[in-house]
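Here is a short briefing to keep beside you at the bench while you look at this protein. Take a moment with the sequence and the structure, then read on.

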Amino acid sequence: MVKGPGLYTDIGKRARDLLYRDYQSDHKFTVTTYSPTGVAITSSGTKKGEVFLADLNTQLKRNNVTTDIKVDTNSNLTTTITVDEPAPGLKTILSFKVPDQRSGKLELQYLHDYAGISTSVGLTANPIINFSGVFGTNVAALGTDVSFDTRTSAFTKYNAGITYSNADVIAALTLNDKGESLNASYYHIVSPLTNTSVGGEVNHNFATNQNTITLGTQHALDPLTTVKARFNNLGKVNALIQHEWRPKSLFTISGEVDTNAIDKSGKFGIALALKP
């Protein structure tokens with residue numbers, strides 16, 4: 001496996017996962033089963049307030065080709081075909097959604113010891129073209145992420161980022177939203193034995209001159225149970241506990257309290273993921 005800087009989406013990912021992954025205020029249930037031929041079928045349902053959303057995903061792997069077909073409650077059929085390493089370091093992804101005729105997209109990803117490049121183009125007459133590239137090593141790297149709309153002949157997105165990492169610290173700085181916001185993140189592994197880590201991010205919006213500061217931590221109570229917590233300067237406090245009650249099957253309870261409106265009821269979420 002290539003040990004390079006990764007893709008642009010990897011910049012700041014460890015801090016984002018620590019601060020936001022697995023937190024939710026909905027009720028979600030996911031079940032995955034496998035057929036004798038190796039087809040994975042995943043059914044999921046999510047209750048958002050009074051609305052219930054469901055989808056059914058089928059995944060078939062054959063050699064280096066993975067095909068995912070998903071149907072949701074809105075009768076959308078999404079198909080993704082991934083070809084892993086047709087050439088060393090290269091990945092090809094073709095995706096489209098029915099009945100959306102403008103959803104087709106072809107993406108190429110290339111990973112190298114000193115670069116990570118991803119480019120995609122919409123399969124339409126006037127496509128949106130996206131390019132992102134990261135250059136450096138697995139210790140320090142810088143990159144950019146841009147999108148160009150050929151219909152309007154204008155850039156719809158241009159971001160830039162830089163990252164530094166060593167054995168237990170990862171720091172990242174990104175300029176987002178066409179230069180309107182600056183985000184700095186930090187992730188630190190305190191104890192690998194107990195999966196204890198801390199992290200934070202600071203987001204500054206130049207248009208409003210406002211700062212949002214978020215801090216978080218996680219700790220493994222035992223090899224199967226993890227607790228996480230986060231809070232920000234807006235008064236939002238979140239916590240969760242996740243237990244792996246059988247291999248690959250997770251039960252998660254999470255909650256959120258707004259300390260600036262303590263008289264209001266907090267948010268509460270449950271997620272159950274079952275895998276054989």
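What follows covers two pockets and one nonpolar core. Please keep in mind that this is a predicted model. The largest pocket holds about 910 Å³ of space, and the second largest has a volume of about 780 Å³.

**The largest pocket**
- Its lining is made of 42 residues, and nearest to the centre lie Arg21, Asp22, Gln242, Leu250 and Thr252.
- Strand β2, residues 40-48, gives the most to the lining of this pocket, with five residues.
- Sorted by class, the lining of the largest pocket has 17 polar, 13 charged and twelve nonpolar residues.

**The second largest pocket**
- The second largest pocket has a volume of about 780 Å³, and among its 35 lining residues Gly4, Pro5, Gly6, Leu7 and Asp10 are the closest to the centre.
- At least two lining residues each come from α1 (13-20), β6 (90-98), β7 (105-112), β10 (140-149), β11 (154-165), β12 (169-176) and β13 (181-191).
- The lining of the second largest pocket divides into 15 nonpolar, eleven polar and nine charged residues.

**The nonpolar core**
- The largest nonpolar core has five residues: Tyr8, Ile11, Val134, Ala141 and Ala172.
- Leaving aside residues up to four places away in sequence, Ala172 touches Ile11, Gly12, Ile162, Thr163, Asn183, Ala184 and Ser185.
- One of these contacts of Ala172, Ile11, is also listed in the largest nonpolar core.

Technical notes:
Residues numbered from 1 in each chain as written. Predicted model: local features only at pLDDT ≥ 70, side-chain atom pairs only at ≥ 80, totals over all residues. Heavy atoms only, no water. 1 Å grid on protein atoms, 1.4 Å probe; cavity = no way out; pocket = protein on both sides within 12 Å on 5 of 7 lines; lining within 4 Å. Points joined across faces, edges and corners; volume = space filled by probe spheres on them. Helix = DSSP H or I, 4+ residues; strand = E, 2+ residues; numbered from the N terminus. Nonpolar A, V, L, I, M, F, W, Y, C, P; charged D, E, K, R; others polar. Core = buried A, V, L, I, M, F, W, Y, C linked by side-chain atoms within 4.5 Å. Buried < 20%, exposed > 50% of the residue type's maximum accessible area, 1.4 Å probe, protein only. Contact = heavy atoms within 4.5 Å.
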